[in-house]
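Visitor: I'd like a close look at one loop and the part of the fold around it. Please start with the loop, then show me what it leads into.

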Amino acid sequence: MIRKTVLSAVATVAFSTAAFAGGHAKDIVDTAVGAGDFNTLVAAVEAAGLVDTLKGDGPFTVFAPTDAAFAALPEGTVETLLKPENKDQLVAILTYHVVPGKVMSTDLSDDMKAATVQGGEITIDLDNGVMVDEATVVTADIEADNGVIHVIDKVIMP
């Protein structure tokens, strides 16, 4: 049930990505909801209390794992992270996927490091496509009013 709730929330965020009517983008959260493939991410953002932050002025760059990326985690991981007592850990993981500022794919260079909102650093590798730590960017430069989303195929860990 928790997974279904998380998936619904993430889907809502994902559906928003595709919703650019007349050139009017939405914020990061609404964009993710509209895209349809970020239900788990959206649910996690809600459980972590980060919705208002990601709807804020930004700009933010979000490396957004798909529902399939969350499903690839060991069984029970998502459900465990969504429990209130694990909120700090969930916040740390989610904010590790966010870089302050709007970083488009054209701004990237091989082996660059980027400081995350969580406080750690991610590494960008351009040798075999675009990699963020161990995740591959599958769709880049989804613009939102307050930043940009890059879709990744794995959940990255701080």
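Visitor: Between which two strands is the loop where D111 lies?

Guide: D111 sits in the loop between β2 (98-100) and β3 (113-115). Before we go on, this is a predicted model, in which local features need pLDDT of at least 70, side-chain atom pairs count only at pLDDT 80 or more, and totals for chains, interfaces and linings use all residues. Residues are numbered from 1 along each chain as its sequence is written, and side-chain values use heavy atoms, with hydrogens and water left out.

Here's the odd thing about D111: it has a positive phi of about 65°, even though it isn't a glycine. Most residues other than glycine have a negative phi, and most peptide bonds are trans. D133 is another non-glycine residue with a positive phi, near 50° in its case. You'll find D133 in the loop between β5 (131-132) and β6. With a relative accessible area of 21%, D133 counts as partly exposed (buried means under 20%, exposed over 50%, partly exposed in between, using a 1.4 Å probe and protein chains only).

Now zoom out a little. The protein has seven helices and seven strands (DSSP runs numbered from the N terminus: H or I of at least four residues for helices, E of at least two for strands). Reading along the sequence gives α-α-α-α-β-α-α-α-β-β-β-β-β-β. Of the 158 residues, 47% are buried.

The two strands on either side of the D111 loop belong to an open sheet of seven strands, in the order β2-β1-β7-β6-β5-β4-β3, with mixed pairing (two strands pair if DSSP finds at least two bridges between them). β2 and β3 stand at the edges with a single partner strand each, so one side of each has no neighbour in the sheet. In other words, the loop holding D111 runs between β2 and β3, and those are the edge strands.

Let's walk in from the β3 edge. Three bridges join β3 to β4 (121-125), and these two strands run antiparallel. In that pair, K113 stands opposite T123 of β4. The hairpin of β3 and β4 has five residues between the strands, and G119 there takes a positive phi near 115°.

β4 itself has two distinct faces: I122 and I124 are on the covered one, while E121, T123 and D125 are on the uncovered one. On its other link, β4 is joined to β5 by two bridges, again antiparallel. I124 stands opposite V132 in β5, and the bridge partner of D125 is M131. This hairpin, too, has five residues between the strands, and G129 in it has a positive phi near 80°.

Further in, we reach β6 (residues 135-144), which is joined to β7 by five bridges, with the strands antiparallel. I142 has I149 of β7 as its bridge partner. β6 and β7 make a hairpin with two residues between them.

β7 (residues 147-152) is the well-hidden one: six of its six residues are buried, so the rest of the structure largely encloses it. Both of its faces are covered, with G147, I149 and V151 buried on one side and V148, H150 and I152 buried on the other.

On the other side of β7 in the strand order comes β1. Six bridges join β1 (residues 60-65) to β7, and this time the strands run parallel. P65 stands opposite I152 in that pair. Just ahead of β1 there's another backbone surprise: a cis peptide bond between G58 and P59, with omega about 5°. P59 lies in the loop between α4 (51-54) and β1.

To finish, here's how a helix links up with this sheet. In α7 (residues 87-96), the buried residues are L90, I93, L94, T95 and Y96. Among what covers them are α3, α6 (77-81), β2 and β4. So β2, at one edge of the sheet, and β4, the strand that pairs with β3, both help to cover that helix.

Key: Axes fitted to C-alpha atoms, helices over the stretch in contact; angles between N-to-C directions. Contact = heavy atoms within 4.5 Å.
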